[in-house]
Amino acid sequence: MTGPASAARIPGARTVEALSQDPVRVSGHIVDVSPQSFRVAGLSPYVRLGDCISCQGPNGPELGEVVRVEEHAATVKPFAVRFQSGVRTLAWKTGPITISPSPAWRGRTVNAFGHPCDDKGPIEPGEWALATDTMPDAAMRRGRVKDPVPTGVSAIDLFTPLVRGQRMGIFAGSGVGKSTLLGMLARSQGFDTVVVALVGERGREVREFLEETMQGDLAKVVTVVATGDESAMMRRLAPKTAMTVAEYFRDRGDHVLLIVDSITRLAFAARDVALAAGEPPVARGYPPSVFSDLPRLLERAGPGAEGGGTITGLFAVLVDGDDHNEPVADAIRGTLDGHIVLDRAIAAEGRFPAVDVLKSISRLADLCWSATERDLMGRLRAMIARFEDTRDLRLLGGYQRGADPILDQAVDLVPRIYAALSQHPRDPAVPKPFEELSRHLKAGLTPG
């Protein structure tokens, strides 16, 4: 992104560092400190929600974000896990958080503020500072999605194919293989840049994801990390930072793959912030703003201007207690362009990726399939459904071969379909999944 286009997008935007060094600063003082937030008097007429507040703590500057504004004081949520400033400490407004991405960010790992955390030295900033919290592009200014993109993962390319600019959710409980599948998809050769947001992950898993799951192929990857031990504000900011980086590369004309693992932990962090601001919980402890903030972020992904770059979004959704209808999962599913469901029972059988093809859907699949492939996929889904619906009957010995020709065909072919869909994370990408499926089916399908 260069020149006037960037300036028009964020007029007059500057970094937090530059704003904090303004010769004239509006300041107030801290009047109350709690474990979750602090309150600043004297700034209410001058601040807005989302503005940053800086104060000088005992170990250096401390930063927080305004989450509530009242007549006599503003409530501020700190970015640090432990806020160490006390009452009567001076605090001043520094404006919204911005980052300055550049092509040099590829291959680097940064925190939610865009600061490097990979021991590779300073990172070259871009020419323009971009706010991390912006509105999605206007609907009528966006291009149409139309170009299929192969991922190399057979289960995805066959049953839930992706289109550049699509937003897809990967829904699963804990330990079912979401991160592994995301790593396989991140190695796809169909994208110019990959932006990964690891939100609320265990600290030890960050290097494992980058060096093992991603197999160290990081030349085109920008990784934004906010681990589980960081504050709710950092975990809430990290996906916005990743989205802003993705928008930067998209506006340069790149086809970007954005991976957020997981969007549910963003919802947890947003819940903590909203409760600290005094919002009432309305759905399993989630305040109303969580369900408006999620689509606002998700809508920023997608195609840019006609003929330009795209952001293809993959958002991991950690379903609470394997309940796929819990509030966050239900809200996200209705916003996205499709969902891939990973099933714990399939994982227990040793089939990976553990994709439940009957519960998974891509709303843009018709843009990827030919008429023949669409018919084949419909028949295969029906066959798998018949196979799974009669599983208990067959285990009890109630199935007699010859009584139902369609079921006979399903019993013969569905295990072969499952074998074609199985893929180890270190296996090479499958460039022609339909040919690979045909090889497993051998004799193919008879007219049904």
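Here is a short chat between a student and a tutor about the structure above.

Tutor: Before we start, this is a predicted model, where local features need pLDDT of at least 70, side-chain atom pairs count only at pLDDT 80 or more, and totals for chains, interfaces and linings use all residues. Residues are numbered from 1 along each chain as its sequence is written, and side-chain values use heavy atoms, with hydrogens and water left out.

Student: What makes up the secondary structure of the protein?

Tutor: You get 14 helices and 19 strands. Those are DSSP runs, numbered from the N terminus: H or I over at least four residues for helices, E over at least two for strands.

Student: Why is the protein called as compact as a globular protein of that length?

Tutor: Its radius of gyration (taken over C-alpha atoms) is 24 Å, close to the 22 Å that the globule rule gives for 448 residues, so it earns the label. That rule is 2.2 Å times the number of residues to the power 0.38.

Student: What makes a residue buried, and what share of the protein is buried?

Tutor: Buried means under 20% relative accessible area, exposed over 50%, and partly exposed in between, with a 1.4 Å probe and protein chains only. By that cut-off, 53% of the 448 residues are buried.

Student: Which domains are assigned?

Tutor: Domain 1 (9–95), domain 2 (99–366) and domain 3 (371–444); the bounds come from an automatic or database domain assignment.

Student: How do you know that domain 1 and domain 2 are in contact?

Tutor: Contact means heavy atoms within 4.5 Å, and 17 residues of domain 1 meet that with 23 residues of domain 2. The centres of domain 1 and domain 2, over C-alpha atoms, are 29 Å apart.
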